[in-house]
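Trainee: I am new to this structure and would like a close look at a single part of it, with its surroundings explained step by step. Could we begin once it is on display?

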Amino acid sequence: MSEPGGLRGSTLPVPEKPTKEDGPGAPGPADHRFWSARRRPAGVVAALLLVVAAAFLYDVAAVRAHRSAMAWRSGLARQLAERPLDDTWVLAGAGVAAALGLWLIVLAVTPGLRDVLPMRRTHPDVRAGLHRDAAALVLRDRAMEVAGVQSVRVRTGRRKADVRALSHFRDLDDVHADLDAVLTDAIRGLGLVRPLALSVHVRRPGKKG
């Protein structure tokens, strides 16, 4: 799929929250962020729950078969019954469990995929995203085309592109104005749902030695 500015948008197989579309090309709620599948955290939690559940199930089945309970479960039950709630180990365990639970909640309610910038839809059934590194590379290449620019460093965030250029000739104000014009056009050509705010800094190279 060809996108504005000659870029190729990458369609990502990620879940979307169900939303009502306003029509092709219209930025709606579904165009804001890509949602991560969170496969690794979900896999870790599922594996831990499986191990714990299997261990308890085996022990309960062994007791039902008139065998003695495993030592670890008996010890755990005794510790839970005898330790006071203000015990250091109880408080530490509760704190760890609360921290893990909060982490899982944060993962569940946040989109993730911060490196992918949503692009405008040209087809209602296709979503495209541009990685921030790719956007930075495009802006850097366009900035290097400006006369007087010796080198450029570009950093792109989710909302802002920070450009720092070194100019070895021409007036700095003229270079700055040209960079503003060229990069503003380049950002528009990226076809993003939310165009990046532009910050340009131009200076002379430092003296060698």
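Trainee: What is the relative accessible area of Arg170?

Mentor: Arg170 has a relative accessible area of 29%, which makes it partly exposed; on this scale, buried means under 20% relative accessible area, exposed means over 50%, and partly exposed covers the range in between, with a 1.4 Å probe and protein chains only. Before going further, please keep in mind that this is a predicted model, in which local features need pLDDT of at least 70 and side-chain atom pairs count only at pLDDT 80 or more, whereas totals for chains, interfaces and linings use all residues. Residues are numbered from 1 along each chain as its sequence is written, and side-chain values use heavy atoms, with hydrogens and water left out.

Arg170 sits in the loop between β4 (160-167) and α5, where helices (H or I, at least four residues) and strands (E, at least two) are DSSP runs numbered from the N terminus. The backbone of Arg170 has a phi near 75°, a positive value in a residue other than glycine. His66 is another non-glycine residue with a positive phi, of about 65°, and it belongs to the loop between α1 and α2. Whereas Arg170 is partly exposed, His66 counts as exposed, at 76% relative accessibility.

The helix that follows the loop of Arg170 is α5, spanning residues 172-189 and containing Asp174. Asp174 is partly exposed, with a relative accessible area of 41%, and its C-alpha lies 9.7 Å from that of Ala147, although the two are 27 residues apart in sequence.

To place this region in the whole, the protein has five helices and five strands, which follow the pattern α-α-α-β-β-α-β-β-α-β along the sequence. Of its 209 residues, 28% are buried.

Charged side chains come next, and a search of the whole structure finds eight salt bridges, each being a side-chain nitrogen of Lys or Arg within 4 Å of a carboxyl oxygen of Asp or Glu. One of them joins Arg142 and Glu145, at 3.8 Å from N to O, and salt bridges with shared partners link Arg142, Glu145, Asp185 and Arg188 into one network. Within this network, Arg142 is partly exposed at 26% relative accessibility, while Glu145 is exposed at 61%. Another salt bridge pairs Arg140 with Asp141, their closest N and O atoms being 3.7 Å apart; Arg140 is partly exposed at 36%, and Asp141 is partly exposed at 39%. In a further case, the side chains of Asp87 and Arg83 meet at 2.9 Å, N to O, with Arg83 partly exposed at 34% relative accessibility.

Turning to the helices at the start of the pattern, we come to the largest pocket, which has a volume of about 240 Å³. A pocket is found on a 1 Å grid over the protein atoms alone, as an open set of points where a 1.4 Å probe fits, with protein on both sides within 12 Å along at least five of seven lines, and its lining residues have an atom within 4 Å of a point. Grid points are joined across faces, edges and corners, and the volume is the space filled by probe spheres set on them. Both α1 and α3 (88-109) supply at least two residues of the lining, and α1 gives the most, with six. Among the lining residues are Pro41, Val52, Gly101 and Trp103.

Val52, which is found in helix α1, is partly exposed at 45%, and besides lining the pocket it helps to make a nonpolar surface patch of about 680 Å² together with Phe56, Tyr58, Met70, Trp72, Leu76 and Leu80. Such a patch consists of residues with over 30% relative accessible area and no salt bridge, nonpolar side chains (Val, Leu, Ile, Met, Phe, Trp, Tyr) being joined within 5 Å and like charges within 9 Å; the areas come from the Shrake-Rupley method with a 1.4 Å probe, and for residues only the protein chains shown count as cover. At least two residues of the nonpolar patch come from each of α1 (39-64) and α2 (71-82).
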